[in-house]
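This briefing covers selected features of one protein model, grouped by topic. The sequence and structure come first, and the notes follow.

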Amino acid sequence: MQSKRRTPCAAGSLLSYLRTEPRIRRMAGIDVDDAALQQAAERTEPTFYEHVVKRPHPLTISLHRGSICSPVHTRQLLRAARVAAQAVGSSGSSEADGEEDWDAITLVEVIEHLMPHDLPAMEASVFGRCCPRYVVVTTPNYEFNVVFNDPLGAHTISSKRARP
């Protein structure tokens, strides 16, 4: 995997973690929250170690304010990521059709924040414009995902724990 898009960036924790993976060459994050974007920018700044020990390939990280459900924001994100990737000599974009080839897109704890009427727009952005090879969608826990039940009774166990 050489490119990964994190949507939304939610303070950049996944971007920060993945930037240590030497095979990744570019990452982009989008979020509607300015504070989360600021935190993501701080978390993804190169460390002293990264200045001393060079990566086998340059890494480009771009952060953008906007919504994955907005075609305008998605186009801006793709355009900015394409320009940044070209600046460091990376390829993988298709200028002719306006689409971008991404190895992976993650929607970590995003889906539960979308309204049902936003889902078709999100689907068009992720699967139509971004053309990922992989999509990972997570929810925070079983309380937000009706597909999962509570097989271990974790909620019950934690609420009945004895207090010292």
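His 64 is buried, because its relative accessibility is 15% and the cut-off for burial is under 20%. The model is predicted. His 64 belongs to strand β3, an element that also contributes to the largest pocket and, through Arg 65, to a salt bridge.

**Strand β3 and His 64**

- The side chain of His 64 is in polar contact with the side chain of Ser 62, at 3.1 Å.
- Strand β3 spans residues 60-65 and gives the most to the lining of the largest pocket, with three residues.

**Largest pocket**

- The volume of the largest pocket is about 350 Å³.
- Its lining is made up of 16 residues, and the closest to the pocket centre are Thr 44, Pro 46, Glu 50, Arg 55 and Leu 59.
- Helix α3 (48-52) and strand β3 each supply at least two residues of this lining.
- By residue class, the lining of the largest pocket has seven nonpolar, four polar and five charged residues.

**Salt bridges**

- There are four salt bridges in the structure, among them the three pairs described below.
- Glu 50 pairs with Arg 19 in a salt bridge, with 2.9 Å between the closest N and O atoms. This pair links distant parts of the chain, as Glu 50 is in helix α3 and Arg 19 is in the loop between α1 (13-18) and β2, 31 residues apart.
- Glu 50 is partly exposed because its relative accessible area is 26%, whereas Arg 19 is buried because its value is 7%. Glu 50 is also one of the residues closest to the centre of the largest pocket.
- Asp 34 and Arg 65 meet through their side chains in a salt bridge of 2.8 Å, N to O. Here too the pair links distant parts of the chain: Asp 34 is in helix α2 (residues 34-43) and Arg 65 is in strand β3, 31 residues apart.
- Asp 34 counts as partly exposed, since its relative accessibility is 48%, and Arg 65 counts as exposed at 52%; the cut-off for exposed is over 50%.
- Arg 23 forms a salt bridge with Glu 21, and their closest N and O atoms are 2.8 Å apart.
- In that pair, Arg 23 is exposed, with a relative accessible area of 54%, and Glu 21 is partly exposed, with 24%.

**Nonpolar core**

- The largest nonpolar core has 14 residues, and Trp 102, Met 122 and Val 126 have the most contacts inside it.
- Two or more residues of this core come from each of β2 (26-31), α4 (71-87), β6 and α5 (119-129).

**End of strand β6 and the loop after it**

- Val 108 is in strand β6, which covers residues 104-108.
- Val 108 is partly exposed because its relative accessibility is 25%, a value that is not under the 20% required for burial.
- The C-alpha atoms of Val 108 and Val 137 are 5.8 Å apart in space, although the two residues are 29 apart in sequence.
- Glu 109 is in the loop between β6 and α5.
- The phi angle of Glu 109 is near 55 degrees, which is a positive value in a residue other than glycine.
- Glu 109 is partly exposed, since its relative accessible area is 39%.

Note on methods:
Residues are numbered from 1 along each chain as its sequence is written. This is a predicted model: local features need pLDDT of at least 70, side-chain atom pairs count only at pLDDT 80 or more; totals for chains, interfaces and linings use all residues. Side-chain values use heavy atoms; hydrogens and water are left out. Helices (H or I, at least four residues) and strands (E, at least two) are DSSP runs, numbered from the N terminus. Buried means under 20% relative accessible area, exposed over 50%, partly exposed in between (1.4 Å probe, protein chains only). A nonpolar core is a set of buried Ala, Val, Leu, Ile, Met, Phe, Trp, Tyr and Cys residues joined through side-chain atoms within 4.5 Å. On a 1 Å grid over the protein atoms alone, a cavity is a set of points where a 1.4 Å probe fits but cannot get out, and a pocket is an open set with protein on both sides within 12 Å along at least five of seven lines; lining residues have an atom within 4 Å of a point. Grid points are joined across faces, edges and corners, and a volume is the space filled by probe spheres set on the points. Ala, Val, Leu, Ile, Met, Phe, Trp, Tyr, Cys and Pro count as nonpolar, Asp, Glu, Lys and Arg as charged, and the others, Gly among them, as polar. A polar contact is a pair of N or O atoms within 3.5 Å; within protein, one must be able to donate a hydrogen and the other to accept it, and residues adjacent in sequence count only if both atoms are side-chain atoms.
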